[in-house]
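Please open the structure in a viewer and keep the sequence panel visible. The tour proceeds by selections, each followed by a short account of what is found there.

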Amino acid sequence: MNSLISLEKVNYQIADQHILHDVDWQIPAGAHITLTGPSGGGKSTLLRIIAAMISKTSGTLIFDGQPIESYDPIMYRRQVSYCFQQPTLFGETVADNLAFPYQIRKQVMDTQRVVTALNNVGLSERTLHQPIIELSGGERQRVALIRNILFLPKVLLLDEVTAGLDENNKQIVHAWLRQLNEQDHVTTIMITHDATEIDAADQLAKVVAGRLEVHA
Amino acid sequence: MNLAVNNTSLFLAAMLVLVALGISLWQKLGLDRDIVIGVVRAVVQLFIVGYLLKYIFRVNNLWLTLAMMGFIIFNAAWNAKKRGPGIDHALAISLLAIFVSTGVTLGVLVLSGAIKFVPSQMIPISGMIASNSMVAIGLAYRSLNSQFHDQRQGVLERLALGAGLLDASIAIVREAIRTGMSPTIDSAKTVGLVSLPGMMSGLIFAGVDPVRAIKYQIMVTFMLLSATSLGSIIACYLAYRNFYNEQKQLK
């Protein structure tokens with residue numbers, strides 16, 4: 001099987017704290033993976049290493065055939081996009097957030113695409129000009145998710161992004177993520193404790209006390 | 001000239017120090033030692049500077065003047081650096097920022113004929129410019145440090161979206177530059193209404209017509225705006241990268 005991302009003996013340590021132990025992981029292109037495990041076990045750390053937000057202490061991480069060190073971190077993060085649990089929105093309005101991915105690529109915001117994306121997660125065009133302080137937690141989370149996919153990444157790393165959503169919005173986000181995965185072939189890795197999300201995955205991985213267990 | 005401070009009057013004025021000492025002892029502020037040290041240092045430093053300037057003004061040598069200006073700029077950079085703990089190369093950055101802001105501002109003043117390249121004008125003006133640039137840079141450093149701490153999550157999110165380091169920091173950098181410049185802008189607004197600043201007061205004291213004195217103060221207002229904006233922008237643009245490591249991750 002062709003791995004888009006491959007980890008070999010990846011370790012992460014801060015001072016004398018050993019957070020990840022010899023993680024080996026093959027992530028096939030186009031997979032939809034869920035990552036579970038007790039809190040404090042190292043799940044978020046593992047995703048942040050894959051996202052190049054922090055660097056592993058030892059081991060190898062290959063993305064698309066090349067070691068992670070050979071990529072410019074900025075360009076890499078545009079392909080392997082990480083979405084935070086409880087994200088903060090910046091600026092004043094929703095538009096400030098959704099224009100940001102265009103700004104950093106020196107492009108003008110494609111309003112049509114932005115509105116379609118808002119609709120896809122159950123938000124209306126009107127949301128675009130709403131001040132961020134007026135948004136509910138669930139709306140913020142969905143705006144943050146859109147920020148990550150306006151330019152489709154190859155990999156989307158989701159850190160408990162549905163935890164703050166009600167059942168109805170969770171369904172909307174699930175359907176949207178499935179579409180990203182199946183139609184747009186975005187490889188998704190999602191940290192979750194939600195039973196439905198776990199069932200829907202191609203691969204179930206679990207991090208317990210810094211060690212990874214994978215179940216196909 | 002109607003300047004009348006002589007040694008006797010200075011000695012009598014020293015009784016004002018006793019007021020501060022008395023308050024410290026009476027209210028048990030524990031400041032008496034610091035007051036004595038402060039007063040002795042002020043007297044000794046100013047006497048040394050007085051004689052040194054007298055000598056430099058008399059010999060009127062280009063290199064000696066430049067050396068004295070360099071000394072002022074270095075000291076200003078050293079003090080600005082202390083306000084940016086944790087920022088690597090803060091001394092080099094401050095030195096460049098103060099050197100450029102002082103150099104450009106002085107250059108414009110000299111070329112426009114507002115001041116002459118003589119030590120008695122260049123040295124005091126350099127000191128005013130460098131010290132304001134120093135304060136602005138120090139404020140900007142503090143602002144960078146506190147914002148990178150408080151807005152850590154926002155910076156991380158921008159990075160995760162694939163932003164370059166400047167795109168991830170630009171809001172913080174702008175705010176830090178603003179913080180550096182704002183005291184100068186605020187004081188420009190109140191100048192003459194709240195305080196009669198040093199330059200103008202000094203000239204009036206020395207018997208200069210107030211209408212001429214304010215022209216110098218107007219020049220000072222202009223030059224401080226230039227110095228603090230240049231100092232802040234150079235320092236912030238060079239310092240923000242320090243908050244990231246080689247892998248372009250937030251430290």
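Begin by selecting A:Ile5, whose bridge partner in β4(A) is A:Phe63. The model is a predicted one. Extend the selection to strand β1 (residues 3-14) of chain A and strand β4 (residues 58-63) of chain A: the two pair in the antiparallel sense, over five bridges.

Stay with A:Phe63, which also stands opposite A:Gln66 in β5(A). Adding strand β5 (residues 66-67) of chain A shows a second antiparallel pairing, in which two bridges join it to β4(A). Now inspect the turn of this hairpin: two residues lie between the strands, and A:Asp64 takes a positive phi near 50°.

**The open sheet of chain A**

Next, select β6, β7, β8, β3, β9 and β10 of chain A. In that order these six strands form an open sheet with mixed pairing. β6 (80-83) and β10 (211-215) of chain A are the edge strands; each has a single partner strand, so one side of each is left without a neighbour in the sheet. Viewed across the sheet, the twist averages 20° from one strand to the next.

Within this sheet, select strand β3 (residues 32-36) and strand β9 (residues 203-208) of chain A, which pair in the parallel sense over four bridges. A:Ile33 is a convenient point to centre on, with A:Gln203 as its bridge partner in β9(A).

**From helix α3(A) to the interface**

Move to helix α3 (residues 94-103) of chain A. Which of its residues are buried? They are A:Val94, A:Asn97, A:Leu98, A:Ala99, A:Phe100 and A:Pro101. To see what these buried residues pack against, display α4 (111-120) and α5 (137-149) of chain A.

Then display both chains. In the contact between them, 21 residues of chain A meet 14 residues of chain B. On the side of chain A that touches chain B, α2 (73-79), β6, α3 and α5 each supply at least two residues. Of these, α2(A) gives the most, with four residues.

**Chain B**

Select chain B alone. Ten helices and zero strands are present in this chain. Its C-alpha atoms fill a box of roughly 70 × 55 × 35 Å, taken along the principal axes. Of the 251 residues in chain B, 31% are buried. Among contacts in chain B with a separation of 6 or more, 72% are between residues 24 or more positions apart.

Now select helix α5 (residues 90-111) of chain B together with α6(B). They pack at an angle of about 140°, and their axes are 9 Å apart. That angle makes α5(B) oblique to α6(B). The crossing of α5(B) and α6(B) is right-handed. Residues making the contact include B:Ala97, B:Ile98 and B:Ser101 of α5(B), and B:Ile129, B:Ala130 and B:Ser133 of α6(B).

**The largest nonpolar core**

Finally, show both chains again and select A:Leu157, B:Ile98, B:Ala140 and B:Cys236. These are the residues with the most contacts inside the largest nonpolar core, which has 105 residues. Helix α6 (residues 119-150) of chain B contributes the largest share of this core, 14 residues.

Which residues does B:Cys236 touch, not counting residues up to four places away in sequence? Select B:Ala140, B:Leu144, B:Val173, B:Ala176 and B:Ile177 to see them. In soluble globular proteins, nonpolar side chains tend to be buried together.

Notes. Residues are numbered from 1 along each chain as its sequence is written. Chains are lettered from A and ligands numbered from 1 in the order in which they are written. This is a predicted model: local features need pLDDT of at least 70, side-chain atom pairs count only at pLDDT 80 or more; totals for chains, interfaces and linings use all residues. Two strands pair if DSSP finds at least two bridges between them. Axes are lines fitted to C-alpha atoms, for helices over the stretch in contact, and angles run from 0 to 180 degrees between N-to-C directions. A nonpolar core is a set of buried Ala, Val, Leu, Ile, Met, Phe, Trp, Tyr and Cys residues joined through C-beta atoms within 7 Å. A residue is buried if 20 or more other C-beta atoms lie within 10 Å of its own, exposed if 12 or fewer, and partly exposed in between; C-beta atoms are placed from the backbone. Two residues are in contact if their C-beta atoms, placed from the backbone, lie within 7 Å. Angles under 35 degrees count as roughly parallel, over 145 as roughly antiparallel, 65 to 115 as roughly perpendicular and the rest as oblique. A crossing is left-handed if the near helix is turned anticlockwise from the far one by less than a right angle, and right-handed if clockwise.
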